[in-house]
Amino acid sequence: MELLSLFRDFMDKGGSVLWAILFMAVWLWWTILERYWYFYTEHKSHVVAGLASWNARSDHSSLFAILQRKQLISEIDCLMIKNLKIIPTLIALLPMFGLLGTVTGMIQVFDVMAFLGGGNPRAMADGVSAATIPTMAGMVIALVGIPFATALDRRYRKEMRILQSSLKQKD
């Protein structure tokens, strides 16, 4: 119960932009986990099925065979790349939303200064925390996501090379 209270306090201090950052963070990590799940559990069966379909053909050099090979590669490529491009997009957007939180927090500070004057630092503290917390949150989440995005991209490229070399054309 205390953890929930701390979470609510943190979200309240960060302002409304922090909720958008939380949503994007959940979306980012859900997508990253889904892609790892695919590569570690489902990908191999799709490749095996594609290889079986290719090896079942008696003809590997005709125009139709070449087109079928391209189709098999393309189908598996679509399965691998699904949701992979949204990860770097979210990583790029998170710091931008953090900066949006900075702007909205500074607007709160200026509003307090306009009503109470600049001599009341306690009254400005809420705006300052609303300005810094979203920036920190957006940057931290993005920085932690970068290695996972890079690893997934490398895995995708490696699997594409393996797939293309596995579906060889025979004369």
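The axes of helix α2 and helix α3 (residues 63-81) come within 9 Å of each other and cross at roughly 170°. The two helices are therefore roughly antiparallel, since an angle over 145 degrees counts as such. On the α2 side, the contact is made by R35, Y38, F39, H43, H46, V47, G50, S53 and W54. Their partners on α3 are A65, Q68, R69, L72, I76, L79, M80 and I81. Sorted by class, this contact has 10 nonpolar, five polar and two charged residues. Please keep in mind that what you are looking at is a predicted model.

Let's step back to the whole chain. Its secondary structure comes to five helices and zero strands, and the elements run α-α-α-α-α from the N terminus on. Is the chain compact or spread out? Its radius of gyration is 25 Å, well over the 16 Å that the globule rule gives for 171 residues, so the chain is more spread out than a compact globule. Along the principal axes, the C-alpha atoms fill a box of roughly 85 × 35 × 20 Å.

Now for the start of the chain. The axes of helix α1 (residues 2-14) and α2 come within 7 Å and cross at roughly 120°, which makes α1 oblique to α2. F7, F10, M11 and G14 of α1 meet L18, W19 and L22 of α2 in this contact. Six of the contact's residues are nonpolar, one is polar and none is charged. Just after α1 comes G15, whose phi is positive, near 85°.

Here are the two helices that make this contact, with their lengths set beside the expected values.

| Helix | Residues | Number of residues | First to last C-alpha | Expected at 1.5 Å a residue |
|---|---|---|---|---|
| α1 | 2-14 | 13 residues | 18 Å | 18 Å |
| α2 | 17-56 | 40 residues | 55 Å | 58 Å |

For α1, the span between the end C-alpha atoms agrees with the expected one. For α2, the reach of 55 Å is close to the expected 58 Å. Where does α2 have its kink? The kink is centred on E42 and comes to about 55°. So, as you follow α2 through the model, you can look for that kink at E42, and then for the contact with α3, to which residues such as R35 and W54 belong.

Methods: Residues are numbered from 1 along each chain as its sequence is written. This is a predicted model: local features need pLDDT of at least 70, side-chain atom pairs count only at pLDDT 80 or more; totals for chains, interfaces and linings use all residues. Side-chain values use heavy atoms; hydrogens and water are left out. Helices (H or I, at least four residues) and strands (E, at least two) are DSSP runs, numbered from the N terminus. The expected span of a helix is 1.5 Å times one less than its number of residues. The bend at a residue is the angle between axes fitted to the seven residues ending there and the seven starting there. Axes are lines fitted to C-alpha atoms, for helices over the stretch in contact, and angles run from 0 to 180 degrees between N-to-C directions. Angles under 35 degrees count as roughly parallel, over 145 as roughly antiparallel, 65 to 115 as roughly perpendicular and the rest as oblique. Contact means heavy atoms within 4.5 Å. Ala, Val, Leu, Ile, Met, Phe, Trp, Tyr, Cys and Pro count as nonpolar, Asp, Glu, Lys and Arg as charged, and the others, Gly among them, as polar. The radius of gyration is taken over C-alpha atoms; the globule rule is 2.2 Å times the number of residues to the power 0.38.
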